[in-house]
Amino acid sequence: EAEAAAALAREERDAKERARARLAKALQRSEGTRLVATAQAVLDRDPRLALLLAIEGAVRAPGAHANRMLLAAIAKAPGPEVWLAAAPQALHMAFDPRGTRLATSHRDGRVRVWDTDTGACLRVLDLGREMVAGLIWASATNRIAAVNATGAAGVWDGETYERLVTVAADRGGAKLHGMGGATFVADGSRAVLARWGGSRLLDLESGAAHDEIPDTDGQRLWLSPSGRPLLRSVRQAHDVSRERLILRDLEDGSEEALDPAIHGSWTHATVFSPDGSCLVASLGTEGACLVDTATGRTIRRLPAREDGEPKLIFRLGFSGDGRRVFTSNGARTWIWDARHGHCVATLRHRRSNTLFPALDLTGSRFYALTDAGQGVTALHVYCVATGELLHELPTRPRAIRFAVSADGERVALM
């Protein structure tokens with residue numbers, strides 16, 4: 001009787017789960033149908049909005065009607081507005097929260113703010129004579145923060161350009177190494193600078209600086225957007241081509257080594273999710289993996305699905321909302337659902353030399369800057385839902401990187 005009762009309970013539980021799954025699927029399809037209908041209603045008035053609605057509708061409610069609406073929106077929607085940063089020796093770029101201004105950093109130690117409508121330089125922010133090692137325009141606080149190679153830093157108000165915080169340079173003469181640079185938390189309140197001779201942790205609210213983070217001399221460092229875990233690389237003494245990745249809690253100093261599967265070969269790319277709860281790391285030719293930053297354990301692997309000889313996965317990233325992640329070997333890009341791990345789309349690039357890729361805020365559009373040869377690059381914009389190439393925008397002179405505004409409507413090339 002007990003076994004029969006347990007079996008009956010399991011059947012009832014399974015039936016409830018199936019009913020919930022059917023309801024969730026029906027609600028998702030209903031929402032998709034509503035989005036497609038809304039896209040059709042606004043198509044003539046706002047083609048860009050119609051395209052975004054059609055993409056999301058096709059994801060939630062795939063079918064012939066959704067595909068027809070998506071193709072109609074693609075045909076009418078203009079491409080993103082491209083803004084070429086003609087600034088001298090620009091190193092980094094960051095849009096303001098509205099996408100109407102762009103900050104660029106430079107080797108002369110200055111940050112310049114540009115009007116993306118007119119191309120005029122609105123303000124020059126001075127950080128010293130050394131080149132800028134990192135730049136952020138934090139959307140949550142509307143503040144511009146920059147760090148230079150000596151460890152000096154500045155924080156400015158994004159509207160008035162008033163200097164709010166100053167961090168003095170250290171006097172130790174530490175230098176950036178080849179893979180050095182500054183990374184920031186999402187709100188711009190903290191930064192870490194990786195250098196030879198001692199890495200530096202900067203508090204960009206109080207202006208305080210810790211001149212040395214133990215055991216990080218000459219290592220590559222990534223600061224989580226949440227501000228607490230710090231990821232550091234440690235090359236193996238017996239083989240400098242191999243490295244281990246270790247998460248350090250900056251509050252209590254505790255450390256967690258990442259899953260040993262990641263330690264087998266040089267890690268070619270590592271990126272934190274926007275909230276810092278996980279990261280994606282390359283596994284060379286085997287693909288990539290998602291890692292829980294709280295435990296250092298692998299959540300799931302993202303294999304490199306290649307027909308021929310496997311190629312190195314060297315480009316990784318998240319969408320702005322953290323729901324999607326991409327892995328790329330230059331010739332092909334895979335878009336994954338970050339939560340469930342299934343492959344959402346596979347994009348085959350026209351050229352195998354992809355220089356710089358990115359997903360937009362919601363993961364509905366994918367941008368890839370490719371080398372077209374003869375000093376020309378091209379920005380390709382793909383629809384993730386269908387895998388179709390929406391726009392191909394040649395750029396001359398040759399661009400090396402780009403930034404996308406929060407709404408995806410403006411792209412700055414440099």
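**Entry 1: the whole chain**

I began with burial. Buried residues make up 49% of the 414 residues in the protein chain. I noted at once that this is a predicted model. Next I looked up the secondary structure. The protein chain has three helices and 31 strands. Then I turned to the surface. The accessible surface of the protein chain comes to about 19500 Å². Carbon and sulfur atoms hold 49% of that surface. I also checked contacts along the sequence. Among contacts with a separation of 6 or more, 42% join residues 24 or more positions apart.

**Entry 2: the largest nonpolar core**

I looked for nonpolar residues that are buried together. In soluble globular proteins, nonpolar side chains tend to be buried together. Here the largest nonpolar core has 29 residues. Which residues have the most contacts inside it? They are L51, L70 and F402.

I then asked which elements supply at least two residues each of this core. I found helix 1 (2-42), helix 2 (47-60) and helix 3 (64-76) among them. Strand 27 (365-373), strand 28 (376-383), strand 29 (389-395) and strand 31 (410-413) also supply at least two residues each. Helix 2 gives the most to this core, with six residues.

I picked L70 for a closer look. Leaving aside neighbours within four places in sequence, L70 is in contact with L51, A54, I55, A58, C383 and T386. Apart from this core lies another one, of 14 residues. A153, V155, L193 and L204 are among the residues of that other core.

**Entry 3: L379**

I moved to strand 28, where L379 is found. Is L379 buried or exposed? L379 counts as buried because its relative accessibility is 0%, and the cut-off for buried is under 20%. I listed what L379 touches, not counting residues up to four places away in sequence. The list is Y367, A368, L369, H391, E392, L393, F402 and V411. F402 came up earlier, as one of the residues with the most contacts inside the largest core. I also looked up L355. L379 and L355 are 24 residues apart in sequence and 9.9 Å apart in space, C-alpha to C-alpha.

**Entry 4: helix 1 and helix 3**

Now I looked at a helix pair. Two packed helices are described by the angle between their axes and the distance between the axes. The axes of helix 1 and helix 3 come within 10 Å. They cross at roughly 35°. Helix 1 passes helix 3 in a left-handed crossing.

Which residues make the contact? Helix 1 brings V36, A39 and Q40. Helix 3 brings H65, A66 and M69. I sorted the residues of this contact by type: four are nonpolar, two are polar and none is charged.

**Entry 5: two positive phi values**

Next I looked at the backbone. Most residues other than glycine have a negative phi, and most peptide bonds are trans. I found two residues to note here.

N142 has a phi near 55°, a positive value in a residue other than glycine. I found N142 in the loop between strand 6 (132-138) and strand 7 (143-148). N142 is buried, with a relative accessible area of 17%.

Y161 has a positive phi of about 65°, and it is not a glycine. Y161 sits in the loop between strand 8 (153-157) and strand 9 (163-167). At 11% relative accessibility, Y161 counts as buried.

**Entry 6: S405 and two glycines**

Where does S405 lie? I found S405 in the loop between strand 30 (402-404) and strand 31. S405 is buried, with a relative accessible area of 4%. Leaving aside neighbours within four places in sequence, S405 is in contact with F95, G99 and R410.

G284 was next. It lies in the loop between strand 19 (278-282) and strand 20 (287-292). G284 is buried, with a relative accessible area of 5%. I looked up its separation from F314. They are 30 residues apart in sequence and 7.3 Å apart in space, C-alpha to C-alpha.

I finished with G373, which is in strand 27. G373 is partly exposed, because its relative accessible area is 29% and the partly exposed class runs between 20% and 50%. G373 and R398 are 25 residues apart in sequence. In space, G373 and R398 are 9.0 Å apart, C-alpha to C-alpha.

Terms used. Residues are numbered from 1 along each chain as its sequence is written. This is a predicted model: local features need pLDDT of at least 70, side-chain atom pairs count only at pLDDT 80 or more; totals for chains, interfaces and linings use all residues. Side-chain values use heavy atoms; hydrogens and water are left out. A nonpolar core is a set of buried Ala, Val, Leu, Ile, Met, Phe, Trp, Tyr and Cys residues joined through side-chain atoms within 4.5 Å. Buried means under 20% relative accessible area, exposed over 50%, partly exposed in between (1.4 Å probe, protein chains only). Helices (H or I, at least four residues) and strands (E, at least two) are DSSP runs, numbered from the N terminus. Contact means heavy atoms within 4.5 Å. Axes are lines fitted to C-alpha atoms, for helices over the stretch in contact, and angles run from 0 to 180 degrees between N-to-C directions. A crossing is left-handed if the near helix is turned anticlockwise from the far one by less than a right angle, and right-handed if clockwise. Ala, Val, Leu, Ile, Met, Phe, Trp, Tyr, Cys and Pro count as nonpolar, Asp, Glu, Lys and Arg as charged, and the others, Gly among them, as polar. Accessible areas come from the Shrake-Rupley method with a 1.4 Å probe; for residues, only the protein chains shown count as cover.
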